[in-house]
Amino acid sequence: MLIKTFGSACYGISASTITIEVDASPGFGFCMVGLPDSAVKESQQRISTALQTIGFRMPGRKVVINMAPADIRKEGSAYDLPLAIGLLAASEQLKADKLERYVIMGELSLDGKLRPINGALPIALQARYEKFDGFILPLENAREAAVVDGLDVYGVSELQEVIDFFNESATLSPVKINVKAEFEQVCNCYDIDFVDVKGQENVKRALEVAAAGGHNIILVGPPGSGKTMLAKRLPTILPPLTLQEALETTKIHSVAGKMDKNSGLIAKRPFRSPHHTISNIGLVGGGTNPQPGEISLAHNGVLFLDELPEFQRTVLEVMRQPLEDRHITVSRARYTVDYPANFMLVASMNPCPCGNYNHPDKKCLCPYGAVPKYLSRISGPLLDRIDIHIEVVPVPFAQLAELRPAEESGSIRERVITARKIQEQRFSGEAQIHCNAMMPSRLLKKYCRLDETCTALMKTAVERVGLSARAYDRILKVARTIADIDQQANILPEHISEAIQYRNLDREGWAG
């Protein structure tokens, strides 16, 4: 008897429906075709034991299973459940009337329990697109898939529930969640706040400008000056995720298996902080079974690279293209996948190996030439792609002991949101451009026009510092953002002056 069940395969951050054809005919043997990997082939043992545990049996006939389309590699253990249901239906232990209306995914334990899977959200989106009635999956993934409207999502904890559902001896209730209510409840809740940061007003201002325009920023200062503390609070002043951005972010984390148990939509901007020993693949994605890297997991959020010079130079250089194009294409001999990578890069570093260069109180102990050598670990092209360079100076005791509270993240965030709204209106006719940092060169002439005074300031800065053409463009973008914060239609000299100050590492003689 030939039976068809339906599963799904994730490729990149999208899913493709897989038709599982199970044929039980007279004879003996078990054959599975359609490019299954080892984990899929091993499902025979898991399914056989699970069926015996709950009182069912494997077909005592020749079984041929085809997983179509046969040119897509099937990976992982999530096909256990649709394979088991197909085998039961082919051996007439289960009614096959409703099988074609549902996508089924789940990993089986030997006792018939179901374990969670990766990629539940992309699979649910594809199932809705192909007009399936419902999606049956492990209970732990149900809330994640239930954010998709127009599709009944059934969370189950064991194989017996699925069998009873198709045999019509029991019913399943679809999981329902109020996506909008939960999203609004969580999106503004943070455990940390800029009110905890004493002093550092110039750095807070730089972070506000970075958040308002989506600019990359690097913090340079001695150990203990507050670089990491400040960077971790950046998401608290970024505009809240939109529902569309939350959906995109959740898809990436779902495919990577990074979703929390029983979680639905990711409502806060991600903050990723990989260790400096990370590899190229860990940062950009890929691997034998392609997975998104840290730059994609930081999509619509912040990628924080602490102690930037300690990262391998080859690892840092792979970020050049994603920083410009906002996506990453991973090409290997067997596959090519695209991952989104629209993130804000926030980096921090000590100014020298000992950490005390330019310290107001401590003496630098590094030998002559050590400071420029330390800075040279970061290539010039990468530094050019970082819009804002800001020095972080240790906070004096008087400011640390001050009882007057600092400005809260909420008030800073309001100014950032106002500036972002101005940019949204400005770029309303431009696809894939939402903030000043994303402006291509062709739009700089239109939106970053300078008067004579501003032009003279820029000329002086370029001639004295020797800025590259890319650094020149970055200053214009940052100045445009500062003008937006001040709600000014035109860029003024004070905006240009402030933007030039945010290129500390370009200053002649900074590194000795």
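Let's start with one pair of residues in this predicted model: T329 of strand β15 has D338, over in β16, as its bridge partner. Zoom out a little and you'll see the two strands they belong to. β15 covers residues 327-331, β16 covers residues 336-340, and the two run antiparallel, joined by 5 bridges. To get from one to the other, the chain makes a hairpin through 4 residues.

Now look at the two sides of β15. I328 and V330 sit on its covered face, while H327, T329 and S331 make up the uncovered one. That back-and-forth pattern fits a general rule: in a regular strand the side chains alternate between the two faces of the sheet.

Next, move to an open sheet of 5 strands. Reading across, the order is β11-β14-β17-β10-β18, and the pairing is parallel. At the edges you'll find β11 (271-272) and β18 (388-391), each pairing on one side only. Follow β18 inward and you meet β10, residues 217-220, which pairs with β18 in the parallel sense over 4 bridges. Here L219 stands opposite I390 of β18.

Finally, there's the largest pocket, with a volume of about 1,000 Å³. Its lining takes in 40 residues, and N342, Q432, H434, C435 and M438 are the ones nearest the centre. Several helices chip in: α10 (243-255), α14 (320-325), α18 (409-426), α19 (441-447) and α21 (469-485) each give at least two residues to the lining. What mix of nonpolar, polar and charged residues lines this pocket? The lining divides into 15 nonpolar, 12 polar and 13 charged residues.

Note on methods. Residues are numbered from 1 along each chain as its sequence is written. This is a predicted model: local features need pLDDT of at least 70, side-chain atom pairs count only at pLDDT 80 or more; totals for chains, interfaces and linings use all residues. Side-chain values use heavy atoms; hydrogens and water are left out. Two strands pair if DSSP finds at least two bridges between them. On a 1 Å grid over the protein atoms alone, a cavity is a set of points where a 1.4 Å probe fits but cannot get out, and a pocket is an open set with protein on both sides within 12 Å along at least five of seven lines; lining residues have an atom within 4 Å of a point. Grid points are joined across faces, edges and corners, and a volume is the space filled by probe spheres set on the points. Ala, Val, Leu, Ile, Met, Phe, Trp, Tyr, Cys and Pro count as nonpolar, Asp, Glu, Lys and Arg as charged, and the others, Gly among them, as polar. Buried means under 20% relative accessible area, exposed over 50%, partly exposed in between (1.4 Å probe, protein chains only).
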